[in-house]
Amino acid sequence: MLNCIVLMGRLVADPELRTTTTGKSVCSFRIAVDRGYVKAGEERKADFIPVVAWEGTANFVSRYFSKGSMIAVQGQLQSRQYEDNSGAKRTAYEVIAREVSFCGSKAETGTNTAFAAPAQAAPAYQTAVPGDFEEITDDEDLPF
(Lines give C-alpha, C1' and ligand atoms only; values in the text may rest on other atoms or scores of the structure.)
Protein backbone atom coordinates (compact mmCIF):
# COMPACT_ATOMS: atom_id res chain seq x y z
CA MET A 1 0.00 0.00 0.00
CA LEU A 2 1.09 3.54 -0.64
CA ASN A 3 0.42 6.64 1.44
CA CYS A 4 2.65 9.44 0.19
CA ILE A 5 1.91 13.17 0.10
CA VAL A 6 4.11 15.93 -1.31
CA LEU A 7 3.02 19.54 -0.76
CA MET A 8 4.51 22.97 -1.28
CA GLY A 9 2.99 26.09 0.21
CA ARG A 10 3.33 28.89 2.73
CA LEU A 11 2.95 28.68 6.50
CA VAL A 12 -0.20 30.51 7.60
CA ALA A 13 1.15 31.06 11.14
CA ASP A 14 4.31 30.48 13.12
CA PRO A 15 4.89 26.77 13.89
CA GLU A 16 3.99 25.62 17.41
CA LEU A 17 6.66 23.47 19.08
CA ARG A 18 5.62 21.36 22.08
CA THR A 19 7.11 18.49 24.04
CA THR A 20 5.16 15.32 24.87
CA THR A 21 5.10 13.84 28.36
CA THR A 22 7.69 11.32 27.17
CA GLY A 23 10.03 14.12 26.08
CA LYS A 24 9.53 13.97 22.29
CA SER A 25 9.35 17.21 20.29
CA VAL A 26 6.26 17.75 18.17
CA CYS A 27 5.60 20.73 15.90
CA SER A 28 2.22 21.64 14.42
CA PHE A 29 1.69 24.07 11.57
CA ARG A 30 -0.65 24.72 8.66
CA ILE A 31 0.31 25.48 5.10
CA ALA A 32 -1.71 27.20 2.40
CA VAL A 33 -1.45 25.33 -0.90
CA ASP A 34 -2.82 27.05 -4.02
CA ARG A 35 -5.24 25.11 -6.18
CA GLY A 36 -4.07 24.69 -9.74
CA TYR A 37 -7.26 25.67 -11.56
CA VAL A 38 -8.71 29.20 -11.51
CA LYS A 39 -11.93 30.06 -13.34
CA ALA A 40 -11.80 33.20 -15.44
CA GLY A 41 -12.75 36.24 -13.36
CA GLU A 42 -12.43 34.40 -10.03
CA GLU A 43 -9.82 34.74 -7.31
CA ARG A 44 -7.26 31.97 -6.78
CA LYS A 45 -8.27 29.51 -4.05
CA ALA A 46 -6.10 27.65 -1.56
CA ASP A 47 -6.41 24.67 0.72
CA PHE A 48 -5.18 24.99 4.32
CA ILE A 49 -3.54 21.75 5.32
CA PRO A 50 -2.52 20.82 8.88
CA VAL A 51 0.93 19.26 9.24
CA VAL A 52 2.61 17.58 12.21
CA ALA A 53 6.37 17.00 12.46
CA TRP A 54 8.14 14.95 15.13
CA GLU A 55 11.52 15.09 16.89
CA GLY A 56 14.38 16.35 14.66
CA THR A 57 12.05 17.51 11.90
CA ALA A 58 9.92 19.34 14.49
CA ASN A 59 12.95 21.19 15.86
CA PHE A 60 14.12 22.06 12.33
CA VAL A 61 10.73 23.53 11.34
CA SER A 62 10.34 25.55 14.54
CA ARG A 63 13.85 26.97 14.22
CA TYR A 64 14.01 27.90 10.53
CA PHE A 65 10.42 28.57 9.42
CA SER A 66 7.90 31.24 10.34
CA LYS A 67 4.61 32.66 9.10
CA GLY A 68 4.78 33.25 5.33
CA SER A 69 7.77 30.94 4.75
CA MET A 70 7.57 28.76 1.65
CA ILE A 71 8.00 25.09 2.59
CA ALA A 72 7.96 21.71 0.86
CA VAL A 73 6.63 18.79 2.90
CA GLN A 74 6.89 15.09 2.12
CA GLY A 75 4.98 12.72 4.36
CA GLN A 76 1.83 10.68 4.75
CA LEU A 77 -1.84 11.39 5.39
CA GLN A 78 -3.21 10.27 8.74
CA SER A 79 -6.71 10.42 10.20
CA ARG A 80 -7.80 10.30 13.82
CA GLN A 81 -11.16 10.19 15.59
CA TYR A 82 -12.08 12.53 18.43
CA GLU A 83 -15.11 13.87 20.25
CA ASP A 84 -15.81 17.61 20.14
CA ASN A 85 -17.12 19.70 23.07
CA SER A 86 -20.75 18.89 22.22
CA GLY A 87 -20.07 15.14 22.18
CA ALA A 88 -20.21 14.74 18.40
CA LYS A 89 -17.72 12.32 16.86
CA ARG A 90 -15.33 14.00 14.43
CA THR A 91 -12.50 12.94 12.16
CA ALA A 92 -9.34 15.01 11.77
CA TYR A 93 -6.96 14.63 8.83
CA GLU A 94 -3.36 15.79 8.96
CA VAL A 95 -0.09 15.23 7.15
CA ILE A 96 2.67 13.61 9.19
CA ALA A 97 5.88 15.15 7.83
CA ARG A 98 8.83 12.87 7.16
CA GLU A 99 10.92 15.47 5.36
CA VAL A 100 10.69 19.24 4.97
CA SER A 101 12.67 21.50 2.68
CA PHE A 102 13.25 25.17 2.04
CA CYS A 103 11.66 26.63 -1.10
CA GLY A 104 12.86 29.92 -2.51
CA SER A 105 15.45 32.27 -1.08
CA LYS A 106 15.69 33.55 2.49
CA ALA A 107 14.73 37.06 1.37
CA GLU A 108 11.65 35.68 -0.40
CA THR A 109 10.45 33.56 2.49
CA GLY A 110 11.52 35.71 5.42
CA THR A 111 13.05 32.76 7.26
CA ASN A 112 15.38 33.00 10.20
CA THR A 113 18.67 34.65 9.22
CA ALA A 114 20.65 32.23 11.41
CA PHE A 115 20.57 29.73 8.54
CA ALA A 116 22.97 30.22 5.68
CA ALA A 117 23.21 27.71 2.87
CA PRO A 118 26.82 26.79 2.08
CA ALA A 119 28.15 28.30 -1.12
CA GLN A 120 29.28 25.72 -3.62
CA ALA A 121 31.94 26.37 -6.21
CA ALA A 122 31.13 25.61 -9.83
CA PRO A 123 32.65 22.32 -11.02
CA ALA A 124 35.83 22.54 -13.06
CA TYR A 125 35.68 21.20 -16.61
CA GLN A 126 38.52 20.27 -18.91
CA THR A 127 38.61 21.88 -22.31
CA ALA A 128 38.56 19.58 -25.32
CA VAL A 129 41.41 19.38 -27.78
CA PRO A 130 40.73 19.06 -31.54
CA GLY A 131 41.75 15.38 -31.57
CA ASP A 132 38.93 14.47 -29.15
CA PHE A 133 36.30 14.72 -31.88
CA GLU A 134 36.06 13.29 -35.38
CA GLU A 135 34.03 14.79 -38.18
CA ILE A 136 31.38 12.45 -39.58
CA THR A 137 31.37 12.76 -43.33
CA ASP A 138 28.99 9.90 -44.21
CA ASP A 139 25.57 10.37 -42.60
CA GLU A 140 23.98 7.19 -44.04
CA ASP A 141 24.83 5.03 -40.99
CA LEU A 142 23.53 7.49 -38.41
CA PRO A 143 20.68 6.18 -36.22
CA PHE A 144 18.66 9.38 -36.51
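# Notebook: burial, rings and core

I started with Glu94. Its relative accessibility is 12%, so Glu94 counts as buried, the cut-off being under 20%. I note here that the model is a predicted one.

**Entry: Glu94 and its surroundings**

I looked up where Glu94 sits and found it in strand E6. Next I checked its side chain for polar partners. The Glu94 side chain makes a polar contact with the side chain of Arg80, at 3.2 Å. I then listed the contacts of Glu94, leaving out neighbours within four places in sequence. Arg80 is on that list, and so are Pro50, Val52, Gln76, Leu77 and Gln78.

**Entry: overall layout**

I went back to the whole chain. The protein has two helices and six strands. Along the sequence I read the order as β-β-β-β-α-β-β-α. Of the 144 residues, 26% are buried. I also looked at contact range. Among contacts with a separation of 6 or more, 57% join residues 24 or more positions apart. The exposed surface comes to about 11,100 Å². Carbon and sulfur atoms supply 51% of that surface.

**Entry: the nonpolar core**

Which residues touch the most other members of the largest nonpolar core? I found Leu7, Phe29, Ile31, Val51, Ile71, Val73 and Val95, in a core of 19 residues. I then asked which elements give two or more residues to this core. They are strands E1 (5-11), E3 (25-34), E4 (46-54), E5 (70-83) and E6 (89-102), together with helix H1 (55-64). E3 gives the most, with four residues. As background, nonpolar side chains in soluble globular proteins tend to be buried together.

I picked Phe29 for a closer look. Leaving aside neighbours within four places in sequence, Phe29 is in contact with Leu11, Pro15, Ile49, Pro50, Val51, Ala53, Val61, Ile71 and Val73. Val51, Ile71 and Val73 also appear among the core residues that touch the most other members.

**Entry: Ala72 in strand E5**

I placed Ala72 in strand E5. I then looked across to Val100, which is 28 residues away along the chain. The C-alpha atoms of Ala72 and Val100 are separated by 5.5 Å. Val100 is also in contact with Ala72. Beyond neighbours within four places in sequence, the other contacts of Ala72 are Leu7, Met8, Glu99, Ser101 and Cys103.

**Entry: aromatic rings**

How many aromatic pairs are there? I count five. Phe60 and Phe65 form one that is edge-to-face, with centres 5.8 Å apart and 70 degrees between the planes. Phe60 and Phe102 form another pair, with centres 5.5 Å apart. Their planes are at 70 degrees, so this pair is edge-to-face, the cut-off being over 60. Phe60 lies in helix H1 and Phe102 in strand E6, so the pair ties together parts that are 42 residues apart in sequence.

I checked burial for these three rings. Phe65 is buried, at a relative accessible area of 4%. Phe60 is partly exposed, at 25%. Phe102 is also partly exposed, at 31% relative accessibility. Ring pairs link Phe60, Phe65 and Phe102 with Tyr64 into a cluster.

**Entry: cysteines**

I looked for disulfides and the count is zero. I checked the accessibility of two cysteines anyway. Cys4 is partly exposed, with a relative accessible area of 46%. Cys103 has a relative accessible area of 14%, so Cys103 is buried. Cys103 also turned up earlier, as a contact of Ala72.

**Entry: two more residues**

Glu55 caught my eye on backbone angles. Glu55 is not a glycine, yet its phi is positive, at about 50 degrees. I placed Glu55 in helix H1. Is Glu55 buried or partly exposed? Its relative accessible area is 42%, so Glu55 is partly exposed.

Last, I looked at Ala88. Ala88 lies in the loop between E5 and E6. Its relative accessibility is 29%, and Ala88 therefore counts as partly exposed. Leaving aside neighbours within four places in sequence, Ala88 is in contact with Tyr82 and Glu83.

Methods: Residues are numbered from 1 along each chain as its sequence is written. This is a predicted model: local features need pLDDT of at least 70, side-chain atom pairs count only at pLDDT 80 or more; totals for chains, interfaces and linings use all residues. Side-chain values use heavy atoms; hydrogens and water are left out. A nonpolar core is a set of buried Ala, Val, Leu, Ile, Met, Phe, Trp, Tyr and Cys residues joined through side-chain atoms within 4.5 Å. Buried means under 20% relative accessible area, exposed over 50%, partly exposed in between (1.4 Å probe, protein chains only). Contact means heavy atoms within 4.5 Å. Accessible areas come from the Shrake-Rupley method with a 1.4 Å probe; for residues, only the protein chains shown count as cover. A polar contact is a pair of N or O atoms within 3.5 Å; within protein, one must be able to donate a hydrogen and the other to accept it, and residues adjacent in sequence count only if both atoms are side-chain atoms. Rings of Phe, Tyr and Trp (its six-membered ring) pair if their centres lie within 6.5 Å; planes under 30 degrees apart count as stacked, over 60 as edge-to-face and the rest as tilted. A disulfide is a pair of cysteine sulfur atoms within 2.5 Å.
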